[in-house]
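Please keep the sequence and the model side by side while reading these notes. They go through one part of the fold and then turn to the ligand.

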Amino acid sequence: MDTSETGSLSPQALDHAENPRNIGPIDPHNGHARVTGPCGETMEFWILVERDKVEEASFTTTGCDSSRACGSMATCLAKSKTVEDATRVGHADILSALGGLPPDTEHCALLAANTLKAACRDFLARRDTKMGEERSMKDPDCGSCEKSQCPAFEREKGESDRDFADRRQLHSRLCRVGRKILVMSGKGGVGKSTVAVNLAMALTMAGKRVGLLDVDIHGPSIPTMLGLEGEQVLTHMDELVPVEIGPLKVLSLGFFLRNQDDAVIWRGPMKMGVIKQFLKDADWGDLDFLIIDSPPGTGDEPLSVCQLIGDLDGAVIVTTPQKVAAVDVRKSVMFCKQLRVPVVGVVENMSGFVCPKCGEATQILRSGGGMKIAEDMNVPFLGAIPIDPAIAESGDDGRAFVHSHAESPAARAMRGVVDAVAALDRRTQ
Ligand code: ADP
């Protein structure tokens, strides 16, 4: 053992590094995963789940002492939890249980958390496959609807084998999503991603199963806003496994960029391809809501999303108060009407500034444009969110302001959006 490394470990971490618990394969097991981290180390996990509880968990690693400590701690944290709860054991839980690690080996905790998550996913996928086989009377792809009623069951005229297979797969995924909601805006920087993140978080806080899909290909800011920078999307049996933060499942192109500053320069068909892959190949499981953070404007990318999904349940249009923004809202509403996407409503962001000291409201940008245009276009107005420095800070620090500043005027205004979307709830099985 390299004593220069062990010397910097906390007593708990040192104990787990020197006496790793639950090491080596277990048999029988019903969940298994092997993951290689960016550092080149490979970790392997086995779990045995009985009556939904993780009865046994074990691991091996090719890595260093910190890696051994993290694997050992992850297995201890997973044991006796339900498999869903074990999936949520994060790198922060492992680090905290070990009393911290030297900064240059903290990535070992992420590798351990990701490998445990992948083993739990493997168990869930095996269980789903078994349940799917038992539903022989239903659509063989998804089991959500009867064969005779499934719109994806019939091949369309002139459709190639590949397109038919893709359409069926896409349908079988989206069949398991209760409501699909697009968050859109006429231009960038108006707070669309902020609204999408806070809407998704607020719905999970209300007990809903929620997925957040960031298809803002040129500015994927969702990982930063949720404190998920550096997280990796795992693939399991050719499926993308969304990153989980508590009960929220998240997928963003940001997870695939090696460096935050990497620019994405893609042509239309490539953008369409990646959006399709996110929808078709991601294992979202059963969701009450899928919130889609669309790229700004009414161009190719929002169009791709609408065309691929086909039956979006609603669009939330985010705007700012100035008069010029009215043109963008008008375009967004027309876009939705043409594509037959119901408009949930318009939300005016950055609407006035409420002084945190005296509580006085100042109109920095001329206010009221969102409400006026919503009235003119006969769509609901969902509320006005003031400029609040805490919103920008929360976004930069990876926290949702509905959570961290729940009683602020901005969070109260956000509730209008959340209530309008929650009212659309239709529970899936
Ligand atoms: P978009 O998705 O429309 O490009 P973002 O949601 O990324 O916009 O927001 C742009 C920036 O403005 C972010 O730094 C965000 O934290 C900040 N922001 C958004 N809404 C507010 C607000 N009401 N008050 C203060 N800052 C805000």
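1. Glu50 has Lys53, a residue of strand E3, as its bridge partner. This pair, like everything below, is read from a predicted model. Strand E2, which covers residues 42–50, is joined to E3 by eight bridges, and the two strands run antiparallel.

2. The sheet to which these strands belong is an open one of three strands, ordered E1-E2-E3 with antiparallel pairing. Its edges are strand E1 (31–36) and strand E3 (53–61), each of which pairs on one side only. On average, and with direction ignored, neighbouring strands of this sheet are turned by 15° against each other.

3. Helix H3, made of residues 65–78, lies across E2 and E3, and its direction is at about 175° to that of E3.

4. Turning to the ligand, one finds 15 residues surrounding it, and the closest are Gly189, Lys192, Ser193, Thr194 and Asn349. Sorted by class, this shell holds seven nonpolar, six polar and two charged residues.

5. Which elements each supply at least two residues of the shell? They are helix H8 (192–205), strand E12 (343–354), strand E14 (381–387) and helix H14 (389–397), and the largest share, three residues, comes from H8.

6. Backbone N or O atoms also approach the ligand: one of Ser193 lies 2.8 Å from a ligand oxygen atom, and one of Gly191 lies 3.0 Å from a ligand oxygen atom. For Pro386, such a backbone atom lies 3.0 Å from a nitrogen atom of the ligand. Of the 570 Å² of accessible area that the ligand has on its own, the protein covers 81%.

Conventions. Residues numbered from 1 in each chain as written. Predicted model: local features only at pLDDT ≥ 70, side-chain atom pairs only at ≥ 80, totals over all residues. Heavy atoms only, no water. Near = heavy atom within 4 Å. Polar contact = N/O pair within 3.5 Å; in protein donor to acceptor, adjacent residues only side chain to side chain. Areas by Shrake-Rupley, 256 points an atom, 1.4 Å probe, with all protein chains shown as cover. Helix = DSSP H or I, 4+ residues; strand = E, 2+ residues; numbered from the N terminus. Nonpolar A, V, L, I, M, F, W, Y, C, P; charged D, E, K, R; others polar. Pairing = 2+ DSSP bridges. Axes fitted to C-alpha atoms, helices over the stretch in contact; angles between N-to-C directions. Contact = heavy atoms within 4.5 Å.
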